[in-house]
Amino acid sequence: MTCDDTRLLMMKRVDGLLAEDEEQRLEAHLTGCAGCRAELADFVVHKEVTDLIRERLKYDQALDQFWGGVYNRLESRVGWSLVIIGLSILAGFGLVQLCLDPDVPAWVRLGIGTAGAGTLILLVNVIRWRLVTGRKDKYTQVIR
Amino acid sequence: MGNAMIAAVEPTAATHRERIVWFEQIVIHHQRRAFLAALGFLGNPEDAREASQEAFARAYRALHSYDVTRPFYPWYHRILRNLCFDRIAKRKRTPFPTEHVDHVTASPTSLLNRTPEASAISVDRQLRVQRAIDRLSVDHREIIYMRHYQDLSYEEMADALGVAIGTVMSRLYRARRALREILVAEESVDDV
């Protein structure tokens, strides 16, 4: 058994997952390999130290009102979505009314038309950009 | 847990209220683990709290793509991991002001209870090991956090990282060796 073969067994030993036959194979190698013995001894000590650190970590304050924070994010997303939908409907309705109203002067119609065209171009630009990057994105399965 | 809860309420079929109640229990159960995972990536308790909360919100919105027969945490961890990597990438483009560097790189040291305890391993030693972990690469730090602090099994780690169990063990070995090298180098400097 080489040192390379022993590495995975050493990991299992550190994590307390070694089966009996694996234990025997590991011991047989360690008896004749001072390097692996020293490495394993350090790994075990480091694990013991981090076990202590984990016990002493004080994260109660950091996790105070944790669910409240998650819920706020969910709620605010719904709120913003509704606001955007509502404003879009109102803006669309207003635009149609303004265009149909014969009392609205031509320069106001021109201003509204220009702003509308600009918004449309920006929208198409964003959609096109998303489609282009979406096709080239290697991580399409990744949830972001 | 995860699975027992999910078996009780099918999240995609439940009403909004049922889904929220179910999800609250999921969040409460996994919040420490999630926070520690984010801390391992970002190194700052405030950022970690914010990122783990945002990842839960994204997980909720993506529940339709969650396979209810699988454990929740590995699936959630992948969302958190992507979110943290995005933030790390942004951080690289917009570096933190120098005065924050110590805070950013000194992850859970700021969360450690410094009250002396009846322990054979001194607080100084614990801080030294923690600082060495903070100096590891993100990949190495992630796997150390998963095993040492989040207490994930090899199967859960493999599931969360999308790799085989053998790969998890190899990565863990490399990370532990890197940690050892940092500590050995520090000790040799101290000895000089």
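Helices (H or I, at least four residues) and strands (E, at least two) are DSSP runs, numbered from the N terminus. The model is predicted: local features need pLDDT of at least 70, side-chain atom pairs count only at pLDDT 80 or more, and totals for chains, interfaces and linings use all residues. Residues are numbered from 1 along each chain as its sequence is written, while chains are lettered from A and ligands numbered from 1 in the order in which they are written.

**Exercise 1. Describe the make-up of chain B.**

Step 1. Take the secondary structure: chain B has 9 helices and 0 strands. Along the sequence the pattern reads α-α-α-α-α-α-α-α-α.

Step 2. Take burial. A residue is buried if 20 or more other C-beta atoms lie within 10 Å of its own, exposed if 12 or fewer, and partly exposed in between; C-beta atoms are placed from the backbone. Chain B has 192 residues, and 37% are buried.

Step 3. Take contacts. Two residues are in contact if their C-beta atoms, placed from the backbone, lie within 7 Å. Of the contacts in chain B with a separation of 6 or more, 65% join residues 24 or more positions apart.

**Exercise 2. Work out what chain B brings to its contact with chain A.**

Step 1. Count the residues: 39 of chain B are in contact with 30 of chain A.

Step 2. Find the helices. Those of chain B that each supply at least two residues to this side are α2 (16-42), α3 (45-61), α4 (72-93), α6 (123-134), α7 (138-149) and α9 (165-191). The most comes from α3(B), with 8 residues.

Step 3. Sort by chemistry. Ala, Val, Leu, Ile, Met, Phe, Trp, Tyr, Cys and Pro count as nonpolar, Asp, Glu, Lys and Arg as charged, and the others, Gly among them, as polar. The side of chain B that touches chain A holds 19 nonpolar, 10 polar and 10 charged residues.

**Exercise 3. Characterise helix α1 of chain A and its packing against α3(A).**

Step 1. Check the length. α1(A) covers residues 3-14, 12 in number. From first C-alpha to last, α1(A) reaches 16 Å, close to the 16 Å expected at 1.5 Å a residue; the expected span is 1.5 Å times one less than the number of residues.

Step 2. List the buried residues: Thr6(A), Leu9(A), Met10(A), Met11(A), Arg13(A) and Val14(A). Just after the helix, Gly16(A) has a positive phi of about 65°.

Step 3. Get the geometry. Axes are lines fitted to C-alpha atoms, for helices over the stretch in contact, and angles run from 0 to 180 degrees between N-to-C directions. α1(A) and α3(A) pack at about 25°, with axes 10 Å apart.

Step 4. Classify the angle. Angles under 35 degrees count as roughly parallel, over 145 as roughly antiparallel, 65 to 115 as roughly perpendicular and the rest as oblique. α1(A) and α3(A) are therefore roughly parallel.

Step 5. Name the partners. Cys3(A), Thr6(A), Met10(A), Arg13(A) and Val14(A) in α1(A) meet α3(A) residues including Leu40(A), Phe43(A) and Val44(A). This contact divides into 7 nonpolar, 2 polar and 2 charged residues.

**Exercise 4. Place two non-glycine residues with positive phi.**

Step 1. Take Gln65(A), with phi near 60°. Gln65(A) sits in the loop between α3 (34-56) and α4 (66-100) of chain A. Gln65(A) is exposed, because 11 other C-beta atoms lie within 10 Å.

Step 2. Take Asp151(B), with phi near 60°. Asp151(B) lies in the loop between α7 and α8 (154-161) of chain B. Asp151(B) has 14 C-beta neighbours inside 10 Å, so Asp151(B) counts as partly exposed.
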